[in-house]
Amino acid sequence: MGKVYVFDHPLIQHKVSMMRMIDTPVKDFRDLAKEVIMLMGFEATRDLPLKTVEIETPICKTSANVLAGEDIAIVPILRAGLGFVDGMLELVPNAKVGHVGLYRDPETHQPVEYYCKLPSDIERRRIFVLDPMLATGGSAVAAVQFIKDRGGKDINFMCLIAAPEGINALAEAHPDINIYIAAKDEQLNEHAYIVPGLGDAGDRLYGTK
């Protein structure tokens, strides 16, 4: 069974608060997104397997722990999830990157697929699905199912801000995945936006309206 992790680290909370501010410039917003996902990534990768190897320091030979393998896939949900990719690659530079393209229909609030490209060996990789916002959960549920349909098994979802409705929807649809959240907000409003939220993450990352 998967678990839901809500981070309480002071640096994460501070940076998320800065991202919420309406007057935070685009460049600062992007930098903060990268910094927050790196901090989250440290915890989300805590249980990566290690192996012991012999190394030589300037003083002597010794045994040391290194990663047993970097079989990781990073899968942003387009377009806003792209703002997280660089931060994760700083941590795991050998990870492969896939992409899932979904958008939310403004009338029905349901996800509509338009693109999916994943590493050919996705079935053997630990997968981190990235999307800044978990609102209704529709896009996240669909993206994870998309990945499962193509063989993905070890799936983790990472987001900046989540509403209770989205957390419940994703956990119910995919009880086997881990969900990592920087901040859990109050609710969705009548337009299915997270309250208090930070607005449209894609627009704020790329300076669009």
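Biologist: How many disulfides does a search of the whole structure find?
Modeller: Zero. A disulfide here is a pair of cysteine sulfur atoms within 2.5 Å. This is a predicted model, in which local features need pLDDT of at least 70 and side-chain atom pairs count only at pLDDT 80 or more, while totals for chains, interfaces and linings use all residues. Residues are numbered from 1 along each chain as its sequence is written, and side-chain values use heavy atoms, with hydrogens and water left out.

Biologist: Why is Cys-159 in no disulfide?
Modeller: The nearest cysteine sulfur belongs to Cys-116 and is 20 Å away, whereas the definition asks for a pair within 2.5 Å.

Biologist: Is Cys-159 called buried or exposed, and why?
Modeller: Buried means under 20% relative accessible area, exposed means over 50%, and partly exposed is in between, with a 1.4 Å probe and protein chains only. Cys-159 has 0% relative accessibility, so Cys-159 counts as buried. Cys-60, at 38%, therefore counts as partly exposed.

Biologist: What is Phe-42 called, and why?
Modeller: Its relative accessibility is 51%, so Phe-42 counts as exposed. Phe-42 lies in helix H2.

Biologist: How do you know that the span of H2 agrees with what is expected?
Modeller: Helices (H or I, at least four residues) and strands (E, at least two) are DSSP runs, numbered from the N terminus. The expected span is 1.5 Å times one less than the number of residues. For the 19 residues of H2 that gives 27 Å, and the end C-alpha atoms are 26 Å apart, which agrees.

Biologist: Which residues of H2 are buried, and what do they pack against?
Modeller: Among the buried ones are Phe-29, Leu-32, Val-36 and Met-40. They pack against elements including H1, helix H3 (82–91) and strand S8 (126–130), where contact means heavy atoms within 4.5 Å.

Biologist: What makes the buried residues of H1 line one face?
Modeller: In H1 (residues 10–20), Ile-12, Lys-15, Val-16 and Met-19 are buried. Seen down the axis, they fall within an arc of 100°, so they line one face of the helix. The arc is that of the directions from the helix axis to the C-beta atoms. In general, an α-helix has 3.6 residues a turn, so residues three or four places apart point the same way.

Biologist: Which residues of H5 are buried, and which are exposed on the other side?
Modeller: Gly-166, Ile-167 and Leu-170 are the buried residues of H5 (residues 164–173). They cover an arc of only 100° around the axis, which puts them on the same side of H5. Asn-168 and Glu-172 are exposed on the other side.
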